[in-house]
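Let's take a walk through this fold, sheets to start with, then helix pairs, cores and a single loop residue. Have your viewer ready.

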Amino acid sequence: MGHRIRLGMVGGGRDAFIGGVHRIASRIDDRYELVAGAFSSTPEKSKASAADLGIAQDRAYGDFTEMAKREARLKNGIEAVAIVTPNHMHYRVAREFLKRGIHVICDKPLTSTLADAKKLAKVAASSDALFVLTHNYTGYPMIRQARDMVAKGEIGDIRLVQVEYAQDWLSENLEETGQKQAGWRTDPERSGAGGSTGDIGTHAFNLASFVSGLNLEQLCADLDSFVDGRRVDDNGHVLMRYEGGAKGMLWCSQVAPGNENALKLRIYGSKGGLEWAQEDPNYLWYTPLGEPKRLLTRNGAGATAAGQRVSRIPGGHPEGYLEGFANIYSEAAEAIRAKQAGEPVSGEVAFPGIEDGLRGVAFVAACVDSSKRGGNWVSFGNYVKT
């Protein structure tokens, strides 16, 4: 494998949940080494976070632009950067590194606005660097198996796609208590126009697209802000029409008591159906039409190569959230090394990229517009155009 990929990070300083997740994920398969970062908005906070992480003080930056410029000049500068800031920063940060040929691994959603998403797509297209978006649920082994089964026609022509992501943590006005995560996720200036749609609805939409392979044609949405004073949606119901005639339903909510991270996917075709739940991720239910329901397990009987290649331990031992994230990082490492060697990337390697990110932000924009128009159907293609 050669040396570890030299990784930088923007955001993810002290008390930042997702920054810690990215750091753990990058190290699980020993493919990366964190060597630099602009971890906070001030030099003092950034250096303090760097000290916590064992990063040299001369590689701790108070400004991401300074970091991009200097690291691009260094002989042993970073080869990739992880962006784990609030959404409104993604475009500006990613642009600085992409234009200097530094590979970008960015947390979702792509950006906070559709205009920024389209601009970033153009920057990425003109860069020699890779752009990777961490929709981590696409890294679960049984999701890879489900995708493989769909692609091989094992459930026939897809007719119905049902996906939901329900949480309860914003059932009260948590943002008014000073809670950091709730504060920025419910602030449209930092999160974007979508609340639950942007935070978790984009995960559900991406997962449905990843497994089904279908392209969205139209949608109609009914979004609500149930908590008094909240400026973004905290619940969304979306009907979807896919190219080819399949129909879909998406529900995302952060005000559903009793739900923690209840991401669920069900896909039904002319020959059978598949069901998967994120909180029980090592199981995939498969029902051939007219036959008993079958339980497929990670690395168990009936496991396919697509799932096994992103699985690390024997069946029966739990693999989950962190390993799913790690799979995205390891797939990115494969692509980075192939690009550096001037070789094609293996067809087995799969990770969300800039186009997936653009579609995710377009999905949020289309949902917001449809809901404002009383739930009218809107053409998704109009939002994706660059």
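What follows is a tour of a predicted model.

## The mixed sheet

One of the sheets is open, with 9 strands in the order 13-12-11-10-6-9-8-7-14 and mixed pairing. At its edges you'll find strand 13 (294-297) and strand 14 (378-379), each of them paired on one side only. Strand 13 runs antiparallel to strand 12 (residues 283-288), and 4 bridges join the two. If you want a spot to zoom in on, L284 sits opposite L296 of strand 13.

Helix 6 (residues 141-151) packs on this sheet. The strands that helix 6 touches are strand 6 (158-166), strand 10 (262-269), strand 11 (272-277), strand 12 and strand 13. Its direction makes about 25° with that of strand 12.

## The parallel sheet

There's also an open sheet of 5 strands, ordered 2-1-3-4-5, and here the pairing is parallel. Strand 2 (32-38) and strand 5 (131-133) are at the edges; each has a single partner strand, so one side of each has no neighbour in the sheet. On average, and ignoring direction, neighbouring strands of this sheet are turned by 25° against each other.

Now for the strand 5 edge. Strand 4 (residues 103-106) runs parallel to strand 5, with 3 bridges joining them. C106 has L133 in strand 5 as its bridge partner.

## Two helix crossings

How do you sum up a pair of packed helices? The usual description is the angle between their axes plus the distance between those axes. For helix 1 (residues 17-28) and helix 11 (residues 321-340), the angle is about 65° and the axes are 8 Å apart. Roughly perpendicular is the class that begins at 65 degrees, which is why helix 1 counts as roughly perpendicular to helix 11. Their crossing is right-handed. Helix 1 brings F17, I18, V21, H22, I24, A25, S26 and I28 to the contact, while helix 11 brings Y321, L322, E323, F325, A326 and Y329.

Helix 9 (residues 196-212) packs against helix 12 at about 125°, with 9 Å between the axes. That angle makes the two helices oblique to each other, and their crossing is right-handed. On the helix 9 side the residues are T197, G198, G201, T202, F205 and N206; they meet D356, R359, G360, F363 and V364 of helix 12.

## The nonpolar cores

In soluble globular proteins, nonpolar side chains tend to be buried together. Here the largest nonpolar core has 81 residues, and F97, F131, L219 and F363 are those with the most contacts inside it. Helix 12 (residues 354-372) supplies the largest share, 10 residues.

F363 is worth clicking on. Leaving out residues up to four places away in sequence, F363 touches G201, F205, L216, L219, V238, M240, L250 and F380. Apart from this core lies another one of 26 residues, including A25, V84, I105 and L130.

## A loop residue: N87

N87 belongs to the loop between strand 3 (80-84) and helix 4 (90-98). Is N87 buried or exposed? Its relative accessibility is 6%, and the cut-off for buried is under 20%, so N87 counts as buried.

Which residues does N87 contact, aside from its neighbours within four places in sequence? They are K108, P109, T111, S112, W184, R190 and S191.

Technical notes. Residues are numbered from 1 along each chain as its sequence is written. This is a predicted model: local features need pLDDT of at least 70, side-chain atom pairs count only at pLDDT 80 or more; totals for chains, interfaces and linings use all residues. Side-chain values use heavy atoms; hydrogens and water are left out. Two strands pair if DSSP finds at least two bridges between them. Contact means heavy atoms within 4.5 Å. Axes are lines fitted to C-alpha atoms, for helices over the stretch in contact, and angles run from 0 to 180 degrees between N-to-C directions. Buried means under 20% relative accessible area, exposed over 50%, partly exposed in between (1.4 Å probe, protein chains only). A nonpolar core is a set of buried Ala, Val, Leu, Ile, Met, Phe, Trp, Tyr and Cys residues joined through side-chain atoms within 4.5 Å. Angles under 35 degrees count as roughly parallel, over 145 as roughly antiparallel, 65 to 115 as roughly perpendicular and the rest as oblique. A crossing is left-handed if the near helix is turned anticlockwise from the far one by less than a right angle, and right-handed if clockwise.
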